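Hi there,

Here is the structure I promised to pass on to you. Have a look at it first, and then read on for what turned up in it.

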Amino acid sequence: MLQQLREAVPSERAVHRLGTIVGVWAHPDDEAYLSAGLMAAAVEAGQHVVCVTATRGELGTPDPARWPPGRLARRRERELRSSLAALGVTDHIWLPYHDGSCAAADPSEATRMVRRVLDDVGADTVVTFGADGMTGHPDHIAVGRWATAAAAGAARRPRLLYATKTAAWREAYAELHRRLPIFGPDGPPAAEAGDVAFALELRGAALDRKMAALLAHASQTAGVIPAFGEAAYRAWVAGEYFVEAERADLP
């Protein structure tokens with residue numbers, strides 16, 4: 001099934017069609033998990049890639065006594081810089097929100113900030129979360145809404161792609177997700193192959209780059225990779241899939 005998907009949708013060879021890409025994400029490491037391969041391929045093709053991150057991810061720890069929010073925020077800022085450097089991405093923008101607060105933020109203000117970025121860089125393509133937020137996280141859902149509204153109101157409306165997974169991918173890793181319910185009790189979102197607008201199946205050096213980007217987020221991945229096993233983790237993160245906003249359930 002994954003082989004059929006690779007033949008049916010664009011890959012690294014077609015990334016130039018996306019032009020200037022702006023990724024709009026909630027926490028450091030969202031961009032690496034969902035679009036590291038896409039960003040690296042676009043940079044390699046000479047395209048402008050911009051990463052926007054809404055929060056510092058300062059609540060992302062099971063040990064807040066050791067990692068209080070201020071300390072973890074500083075660490076995750078450093079991790080994100082290293083992760084983007086591994087992909088060749090040099091243009092990054094922070095939004096001024098706190099981890100866990102995005103759903104309560106003023107959406108008009110947040111949308112204006114994102115729209116300003118899109119207009120300033122002349123975005124051709126925006127990649128972000130769909131209505132499901134990938135994991136159902138309220139920050140993810142809110143940020144996807146901001147990016148959707150910003151793209152709709154941009155001076156030159158960009159193509160809007162939502163990160164997703166596929167039915168084949170979900171089936172392939174069903175047992176792993178039962179053991180490690182990262183996506184919650186309902187599992188990850190899943191698009192049918194015919195609805196996928198852009199997909200990458202990373203291998204070799206491309207997958208190595210993505211792994212380097214993820215390993216840079218050590219506060220988030222150091223405990224996860226051993227739970228998977230490195231080989232299984234590499235296979236698990238190798239696929240990146242996007243659907244057109246017009247073919248998704250809009251937030």
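**Salt bridges**

Asp29 and Arg76 form a salt bridge, with their closest N and O atoms 3.7 Å apart. Asp29 sits in the loop between S1 and helix H2 (30-44), while Arg76 belongs to helix H3, so this pair ties together parts that are 47 residues apart in sequence. Both residues, Asp29 and Arg76, are buried. Please keep in mind as you read that this is a predicted model.

How many salt bridges does a search of the whole structure find? The search gives 9 salt bridges, and two others are worth a visit on your screen.

One of them is between Glu244 and Arg159, where the closest N and O atoms are 2.5 Å apart. Glu244 is part of strand S7 (residues 239-244) and Arg159 is part of strand S5 (residues 159-164), so the bridge ties together parts that are 85 residues apart in sequence. Glu244 is buried, because its relative accessible area is 18%. Arg159, with 28%, counts as partly exposed.

The other is between the side chains of Glu79 and Arg75, which meet at 2.9 Å, N to O. Here the partners are 4 residues apart in helix H3, so about one helical turn separates Glu79 from Arg75. Is Glu79 buried or exposed? Glu79 is buried, with a relative accessible area of 6%. For Arg75 the relative accessibility is 22%, so Arg75 counts as partly exposed.

**The cysteines**

Next, try looking for disulfides. A search of the whole structure finds 0 of them. Cys51 is in no disulfide, and the nearest cysteine sulfur, which belongs to Cys102, is 14 Å away. Why is there no bond from Cys102 to the closest cysteine sulfur? The sulfur of Cys102 is 14 Å from that of Cys51, which is too far for a bond, because a disulfide needs the two sulfur atoms within 2.5 Å.

Both of these cysteines can be placed by their accessibility too. Cys51 has 0% relative accessibility and so counts as buried. Cys102 is buried as well, with a relative accessible area of 1%.

**A positive patch on the surface**

Now turn to the surface. Which residues form a positive surface patch? The patch is made by Arg66, Arg71, Arg74, Arg78 and Arg81. To find Arg66, go to the loop between strand S2 (49-55) and helix H3 (69-87).

**Two more residues to find**

Arg17 is in the loop between helix H1 (2-8) and strand S1 (21-25). Arg17 is exposed, because its relative accessible area is 63%. In the sequence, Arg17 and Gln47 are 30 residues apart, and in the model their C-alpha atoms are separated by 9.9 Å.

Where does Pro107 lie? Pro107 lies in helix H4, which covers residues 107-121. With 47% relative accessibility, Pro107 counts as partly exposed, because that class runs from 20% to 50%. The C-alpha atoms of Pro107 and Ala54 are separated by 12 Å, and the two residues are 53 residues apart along the chain.

I hope you enjoy exploring it, and do write back if anything is unclear.

Best wishes

Notes
Residues numbered from 1 in each chain as written. Predicted model: local features only at pLDDT ≥ 70, side-chain atom pairs only at ≥ 80, totals over all residues. Heavy atoms only, no water. Patch = residues over 30% accessible without salt bridge, like charges linked within 9 Å, V, L, I, M, F, W, Y side chains within 5 Å. Areas by Shrake-Rupley, 256 points an atom, 1.4 Å probe, with all protein chains shown as cover. Salt bridge = Lys/Arg side-chain N within 4 Å of Asp/Glu carboxyl O. Lys, Arg positive; Asp, Glu negative; His and termini not counted. Charge placed at Lys NZ, Arg CZ, Asp CG, Glu CD. Helix = DSSP H or I, 4+ residues; strand = E, 2+ residues; numbered from the N terminus. Buried < 20%, exposed > 50% of the residue type's maximum accessible area, 1.4 Å probe, protein only.
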